[in-house]
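Student: I have a structure open and would like to test the labels people put on its contacts. Could we go through them together?

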Amino acid sequence: MYPAAFDYHAPSTVREALDLLGKYKDDAKLLAGGHSLLPAMKLRLSRPAHLVDLRKVSGLTGIKEEGGAIVIGAMTTHRAIETSSVVTGKCPVLAEAAAMVGDPMVRNMGTIGGSLAHADPAADYPACVIALNAEIVCEGAKGKRTIKIDDFFKGLLTTAVGPDEIVTEIRIPAAGNLGQSYKKFPHPASRFAVVGVAAVLTLDGGKVSKASVGVTGAGTHAVRAKGTEAALAGKAADAASIQAAADRAAEGVDVQADLQGSVEYKTHLVKVFARRAIEAAAAKK
Ligand SMILES: Cc1cc2nc3c(=O)[nH]c(=O)nc-3n(C[C@H](O)[C@H](O)[C@H](O)COP(=O)(O)OP(=O)(O)OC[C@H]3O[C@@H](n4cnc5c(N)ncnc54)[C@H](O)[C@@H]3O)c2cc1C
């Protein structure tokens, strides 16, 4: 099906894009890679009268290290993240997840800002940015603000980003001594995560001094696996500790039954993929 008719705008600065959002308010939608928005428009689940395309806006793409953080522009594609030497070197879990997103066309068009702003419950990045303790920078009419990742995902397809704001960058603290991994059970057709778990471990001499674990796919939105993190902290990264910690991975997840499985099945998957992600993260250090 074709989308309903809309007017197309191609601003060249964040300020111009914000002015368009301010002018058309609820009738406007930002367009990034279009790989979530356009399917929704074709199904008439979304009918914006004005599309504000961010692809010609300067300053929204690229990956750099700045002030102790890895800074990723919101319009950076999944493919650029997958192949970035900065990401593969400093926060490899994000490159690992990017490589698993959809297919080559989705990875060449879709953006990290679009994925996080859309907050699909089965998207891959949300688990990783939680595990990496990222911050999301937004810009609105009143200026910039930074949202801590634990305050970012609010519910089904809902984030802390206001309708009059633009996500401009993702900031990831650059830390050493980390073992990182993302493991997912992909939907066989779309490759979206039926369940996905990202683990970032700080390891000192075989002991986990800090664990950071994010879960996506199972609930209405990605969450931090606080029980798993608490169970791992201070423990040896051995099979028994990892299994005990993984068994707590579904605590705090509002597991939803859907076409992919029952609550019991998806809860089981969360625990299995938590164990696999933690084992892989521990082995990578
Ligand atoms: C066949 C297929 C398979 C896929 N498989 C996967 C998968 O395996 N894993 C996965 O994680 N994803 C998957 N996706 C989704 C894909 O990653 C999308 O690229 C992503 O969800 C949205 O990014 P986008 O840049 O395309 O955003 P768009 O579709 O352009 O926008 C999505 C939403 O975010 C808003 N938005 C966009 N950019 C910003 C911004 N900078 N600030 C504020 N709001 C913004 C838009 O207004 C819109 O509401 C798949 C998509 C398809 C079509």
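Tutor: Gladly; what follows takes the ligand contacts and then a salt bridge, all in a predicted model.

Student: What makes the pair between Ser36 and the ligand a polar contact?

Tutor: A polar side-chain atom of Ser36 is 2.8 Å from a ligand oxygen. The cut-off for N or O pairs is 3.5 Å, so this pair counts.

Student: Why does Lys184 count as a polar contact of the ligand?

Tutor: An N or O atom in the Lys184 side chain lies 3.4 Å from an oxygen atom of the ligand, and that is within 3.5 Å, so the label holds. Arg191 joins in through a backbone N or O atom, 2.8 Å from a ligand oxygen.

Student: How much of the ligand does the protein bury?

Tutor: Alone, the ligand exposes 970 Å², and 90% of that is buried by the protein. The ligand sits in the largest pocket.

Student: Which element gives the most residues to the shell around the ligand?

Tutor: Helix α7 does, with four residues. By class, the shell has 14 nonpolar, twelve polar and four charged residues.

Student: Why is the pair of Lys284 and Glu96 called a salt bridge?

Tutor: Their side chains meet at 3.2 Å, N to O. The limit for a Lys nitrogen and a Glu carboxyl oxygen is 4 Å, so the pair qualifies.

Student: What does that salt bridge tie together?

Tutor: Lys284 belongs to helix α11 and Glu96 to helix α5, so the pair links parts 188 residues apart in sequence. The whole structure has 17 salt bridges.

Methods:
Residues are numbered from 1 along each chain as its sequence is written. This is a predicted model: local features need pLDDT of at least 70, side-chain atom pairs count only at pLDDT 80 or more; totals for chains, interfaces and linings use all residues. Side-chain values use heavy atoms; hydrogens and water are left out. A polar contact is a pair of N or O atoms within 3.5 Å; within protein, one must be able to donate a hydrogen and the other to accept it, and residues adjacent in sequence count only if both atoms are side-chain atoms. Accessible areas come from the Shrake-Rupley method with a 1.4 Å probe; for residues, only the protein chains shown count as cover. On a 1 Å grid over the protein atoms alone, a cavity is a set of points where a 1.4 Å probe fits but cannot get out, and a pocket is an open set with protein on both sides within 12 Å along at least five of seven lines; lining residues have an atom within 4 Å of a point. A molecule sits in a cavity or pocket if more than half of its atoms lie within 2 Å of its grid points. Helices (H or I, at least four residues) and strands (E, at least two) are DSSP runs, numbered from the N terminus. Ala, Val, Leu, Ile, Met, Phe, Trp, Tyr, Cys and Pro count as nonpolar, Asp, Glu, Lys and Arg as charged, and the others, Gly among them, as polar.
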